[in-house]
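User: Please give me a close look at a single part of this model, chosen by you, and describe its partners and its surroundings in one connected account.

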Amino acid sequence: MVRFIQQLVHTDAKLSSPINLNTSRMKIVQLNPIKWFNYNVLPKKLKLTNTGYTVILSAKWNAERPYLCGGPYIDNYVFSQIHFHWGRTDMDGSEHYVDGGSMPMELHAVHFKSEYKTQEVALRNNDGVTILVYFFKV
């Protein structure tokens, strides 16, 4: 079983960012494991883009793209890209906060629901995109 930390964020039907993760309001939810498929397959092409604000890593595959399912997901979510958020110091940099504090860096692994075929189409749907967030410590 996966220990999934859930925090309900009331946003009035709007996506909220940044989010302050308040650990005193979180609860642990028991879920089946997330299943990762094709993440061990090397891509045929990698693209690294520096936007001046972040670095984005995207890829193209010869065969089926990596995807995840299970856990909190009912459908398959296809890998799109990863990107990073960082700051000028080791004390700030993450887009989101934990108990009001910033982390040095944050990675977003962006996936979109497979039925939408592209991330652009998926972004127009409430269930179209999921982002796995990883915080880094120095």
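Analyst: Two strands are said to pair if DSSP finds at least two bridges between them. With that in hand, and bearing in mind that this is a predicted model, I take strand β8, residues 73-86, as the part to examine.

The pairing of β8 can be followed through three other strands. Strand β6, which covers residues 55-60, pairs with β8 in the antiparallel sense over 3 bridges, and within this stretch serine 58 stands opposite glutamine 81 of β8. Strand β7, residues 67-70, is likewise antiparallel to β8 and is joined to it by 3 bridges, with tyrosine 67 placed opposite valine 78. β7 and β8 form a hairpin in which 2 residues lie between the strands, and glycine 71 in the turn has a positive phi of about 55°. Between β8 and β11 there are 9 bridges, again with the strands running antiparallel; here tryptophan 86 has methionine 105 of β11 as its bridge partner.

The side chains of this region bring us to the nonpolar cores. The largest nonpolar core has 11 residues, among them Tyr73, Tyr77, Phe79, Ile82 and Phe84, together with others such as Trp61, Leu107 and Leu132. Both β8 and β11, the latter spanning residues 105-113, supply at least two residues each to this core, and β8 gives the most, with 5 residues. A second, separate core of 5 residues includes Val78, and also Tyr67, Phe112 and Tyr116. As a general point, side chains in a regular strand alternate between the two faces of the sheet.

Isoleucine 82 shows the surroundings at the level of one residue: once its neighbours within four places in sequence are set aside, isoleucine 82 is in contact with Val55, Ile56 and Leu57, and also with Leu107, His108 and Ala109. Two of these contacts, Ile56 and Leu57, lead on to lysine 47, which touches Ile56, Leu57 and Ser58 when residues up to four places away in sequence are not counted. Lysine 47 belongs to strand β5, residues 45-50, and the C-alpha atoms of lysine 47 and leucine 57 are 5.8 Å apart, although these residues are 10 apart in sequence.

For a view of the surface, one may turn to Trp36, Tyr39, Tyr134 and Phe136, which make a nonpolar patch of about 380 Å². Phenylalanine 136 of this patch is in strand β12, residues 129-136, and counts as partly exposed because its relative accessibility is 31%, where partly exposed lies between under 20% for buried and over 50% for exposed.

How values were computed:
Residues numbered from 1 in each chain as written. Predicted model: local features only at pLDDT ≥ 70, side-chain atom pairs only at ≥ 80, totals over all residues. Heavy atoms only, no water. Core = buried A, V, L, I, M, F, W, Y, C linked by side-chain atoms within 4.5 Å. Buried < 20%, exposed > 50% of the residue type's maximum accessible area, 1.4 Å probe, protein only. Helix = DSSP H or I, 4+ residues; strand = E, 2+ residues; numbered from the N terminus. Contact = heavy atoms within 4.5 Å. Patch = residues over 30% accessible without salt bridge, like charges linked within 9 Å, V, L, I, M, F, W, Y side chains within 5 Å. Areas by Shrake-Rupley, 256 points an atom, 1.4 Å probe, with all protein chains shown as cover. Salt bridge = Lys/Arg side-chain N within 4 Å of Asp/Glu carboxyl O.
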